[in-house]
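Colleague: I should like to learn how to read the features of a structure that is new to me. May we go through a few of them together?

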There are 2 protein chains.
Amino acid sequence: MSGRRFDVTAIGNAIVDVIAAADEALLVEHKLVKGAMSLIDAADAERLYRVMGPGREVSGGSAANTVAGIAALGGRAAYIGKVADDQLGDVFTHDIRAIGVTYDTPALTEGLSTARSLIFVTPDAARTMQTFLGATTQLGPEDVNMEYITSSRVVYLEGYLWDQPRAKQAMRDAALRAQASGVTVALTLSDAFCVDRFRDEFLDLVEHHVDVLFANEGEILSLYQVRTFDEALQCVRPHCHVAVLTRSEKGAVVLGGGEVHVIDAVPAVRVVDTTGAGDAYAAGFLYAYTRDCDLATCGRLGCAMAAEVIGHYGARPEADVKSIAARVLSGRTTRAGSTRSAG
Amino acid sequence: MSGRRFDVTAIGNAIVDVIAAADEALLVEHKLVKGAMSLIDAADAERLYRVMGPGREVSGGSAANTVAGIAALGGRAAYIGKVADDQLGDVFTHDIRAIGVTYDTPALTEGLSTARSLIFVTPDAARTMQTFLGATTQLGPEDVNMEYITSSRVVYLEGYLWDQPRAKQAMRDAALRAQASGVTVALTLSDAFCVDRFRDEFLDLVEHHVDVLFANEGEILSLYQVRTFDEALQCVRPHCHVAVLTRSEKGAVVLGGGEVHVIDAVPAVRVVDTTGAGDAYAAGFLYAYTRDCDLATCGRLGCAMAAEVIGHYGARPEADVKSIAARVLSGRTTRAGSTRSAG
């Protein structure tokens with residue numbers, strides 16, 4: 001496996017985030033579901049942008065943030081996602097390549113513009129996302145470079161893509177090819193409302209195709225339609241090779257085989273904007289995972305990466321995360337059943 | 001004067017900043033003049049963007065930052081500047097309106113795209129700007145809304161515009177109309193290299209048309225071709241009603257009539273990115289100035305605003321600057337010769 005070209009190839013919605021501070025009253029006035037990602041059309045995007053405060057444009061997209069984090073850590077990553085041939089598309093492409101991710105999905109040349117997510121950050125650092133999918137809706141199976149899939153250690157799929165039939169097909173094709181090639185399939189559930197829209201499909205995926213599942217508390221409760229975290233934990237244990245359940249300030253629980261690790265969040269972080277916390281967690285986890293670290297180390301690097309991105313606006317790391325990784329990984333052991341020896 | 005519609009109307013280059021961290025070696029390799037603003041063409045913009053790290057897009061433009069700061073403080077401001085009818089133009093327009101600035105210069109509908117400035121921020125927080133002017137080069141006298149000029153207390157002109165003949169004409173028209181209408185004319189020299197390119201024109205302006213001059217140390221040394229700050233100080237004293245000379249960590253010197261005020265910088269600021277420090281200084285100064293504060297108070301609010309923006313990436317204020325102003329202005333007195341009573 002060590003000869004594979006990429007540690008992780010991800011498929012996701014290629015989005016530029018427009019981030020602005022907002023007060024609670026604005027969310028109420030415009031009936032925005034706080035903390036969630038809602039899909040909006042072009043007219044709503046126009047309308048909401050008009051009421052939004054001054055913003056900053058930063059490349060985003062859940063899985064794209066994750067591979068950006070992996071590359072920032074020094075990992076080898078590729079990304080598959082659809083932008084349009086416009087200024088925001090150029091921004092997205094520049095940023096993901098500049099951080100070191102291989103990205104060459106053809107841009108859409110006519111019709112829809114590059115996707116953007118209007119992110120309202122309230123004083124409590126919660127983010128409420130209103131996403132206009134634009135060009136991402138045109139991602140299809142033809143965009144999946146199967147050479148990238150089969151030459152990766154992990155293929156990482158973004159649950160958000162389930163909203164688009166052709167993107168869903170692209171994900172399924174990638175998952176099947178990955179399984180057939182001995183490539184680990186990872187999935188993030190992305191959003192509790194997204195899980196609610198496609199629960200049966202996600203349950204089928206988790207039971208039959210996913211090796212490593214990422215979910216936050218709301219998502220895993222939604223998947224199993226249970227009320228408590230512990231109930232969800234019991235539901236997911238029999239499935240997946242590994243399940244990574246993130247719990248914001250409560251840290252994360254990592255399940256794998258018979259192991260259960262309860263990892264505390266990094267204490268005393270000044271939280272500015274939680275956008276991308278889960279994405280960064282996945283980056284840290286997968287970076288360590290593809291280096292055959294024990295699951296507790298993977299979980300700890302996830303928490304350390306999440307702590308980095310919530311300390312500033314924007315979903316991608318800004319600090320020297322390689323030194324964070326060096327510190328966390330100094331205490332690692334090799335994962336049981338890993339296919340590589342510790343390096 | 002108190003019946004005027006705007007405290008300040010500014011004319012400047014409407015630019016979206018692309019801000020990324022960079023190391024010194026990159027500046028050397030690409031022969032970038034550290035700390036300066038250099039103009040580049042579309043091909044160079046393309047080439048430099050390729051070597052730039054992941055960035056964030058934030059509305060900028062020197063005079064635009066200043067009016068944004070004035071609006072954030074609660075002042076009434078208008079802006080005249082040219083974007084194109086494209087995504088980055090939409091971003092610029094949205095952000096400046098969202099902060100409360102009146103802005104309705106018609107966007108360019110064909111040809112050039114919205115201006116962008118690639119800003120390389122080195123670990124010492126210095127910013128090196130490479131600006132592609134794009135649509136801003138098409139600003140002309142027809143874009144100057146003379147109703148805004150004549151209904152303002154201050155018209156604020158950006159020296160950067162001197163690089164474009166038609167924009168220069170627009171500025172001259174605005175300055176003459178302002179003078180004829182009893183409106184204060186303020187000018188920022190913008191950049192030592194810009195001053196070097198148009199020294200005679202700036203000297204003529206300063207001597208005959210400018211009431212309030214803003215310059216940093218490098219700019220005022222360049223204007224008078226002298227070697228020490230004190231020499232420059234002596235040169236500028238006979239000219240301008242007010243001269244505001246900013247000196248980074250050394251604070252600022254404010255001259256007005258017979259007065260000379262030496263204002264210390266705010267101590268112990270953690271400097272992240274100096275982009276927009278001078279623009280923010282001008283915002284604080286002019287906000288207090290249009291409220292008839294004494295010059296020392298104007299200078300102190302300038303320093304306080306500069307301290308706010310250098311503490312984060314991006315050139316526009318993010319903190320609650322109204323409370324900063326309330327604190328600084330609590331000690332104010334009324335300016336000698338002011339046309340309004342203290343309010």
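**Reading a predicted model**

Modeller: Let us begin with a single residue in this predicted model. Arg4(B) lies in the segment before β1 (6–11) of chain B.

Colleague: Is Arg4(B) buried, exposed or partly exposed, and why?

Modeller: One counts the C-beta atoms around a residue, and 20 or more within 10 Å would make it buried. Arg4(B) has 17 C-beta neighbours inside 10 Å, and therefore counts as partly exposed.

Colleague: Which residues is Arg4(B) in contact with, leaving aside its neighbours within four places in sequence?

Modeller: They are Ser151(B), Ser152(B) and Arg153(B). In addition, the C-alpha atom of Arg4(B) is 9.8 Å from that of Arg76(B), although 72 residues separate the two along the chain.

Colleague: Let us turn to a strand. Why is strand β12 of chain A described as largely enclosed by the rest of the structure?

Modeller: The reason is that five of the five residues of β12(A), which spans residues 242–246, are buried.

Colleague: Which way do the residues of β12(A) point?

Modeller: In a regular strand the side chains alternate between the two faces of the sheet. In β12(A), Val242(A), Val244(A) and Thr246(A) point one way, whereas Ala243(A) and Leu245(A) point the other way; all are buried.

Colleague: Which strands pair with β12(A), and in what sense?

Modeller: Strand β11 of chain A, residues 212–216, pairs with β12(A) in the parallel sense over five bridges. There, Ala215(A) stands opposite Leu245(A). Strand β13 of chain A, residues 252–256, is joined to β12(A) by five bridges and runs antiparallel to it. In that pairing, Gly256(A) of β13(A) is the bridge partner of Val242(A).

Colleague: How many residues lie between β12(A) and β13(A) in their hairpin?

Modeller: There are five, and Ser248(A) in the turn has a positive phi of about 55°.

Colleague: Finally, how many residues does each chain bring to the contact between chains A and B?

Modeller: The size of an interface is often given as the accessible area lost when the parts come together. Here we may count residues: the contact takes 19 from chain B and 19 from chain A. On the side of chain B that touches chain A, β4 (56–59) and α4 (87–98) each supply at least two residues. The most comes from α4(B), with six residues. By class, this side of chain B has eight nonpolar, six polar and five charged residues.

Colleague: In what sense do β4(A) and β4(B) pair, parallel or antiparallel?

Modeller: They pair in the antiparallel sense over three bridges, and Glu57(A) stands opposite Glu57(B).

How values were computed: Residues numbered from 1 in each chain as written. Chains lettered and ligands numbered in written order. Predicted model: local features only at pLDDT ≥ 70, side-chain atom pairs only at ≥ 80, totals over all residues. Helix = DSSP H or I, 4+ residues; strand = E, 2+ residues; numbered from the N terminus. Buried ≥ 20, exposed ≤ 12 C-beta atoms within 10 Å, placed from the backbone. Contact = placed C-beta atoms within 7 Å. Pairing = 2+ DSSP bridges. Nonpolar A, V, L, I, M, F, W, Y, C, P; charged D, E, K, R; others polar.
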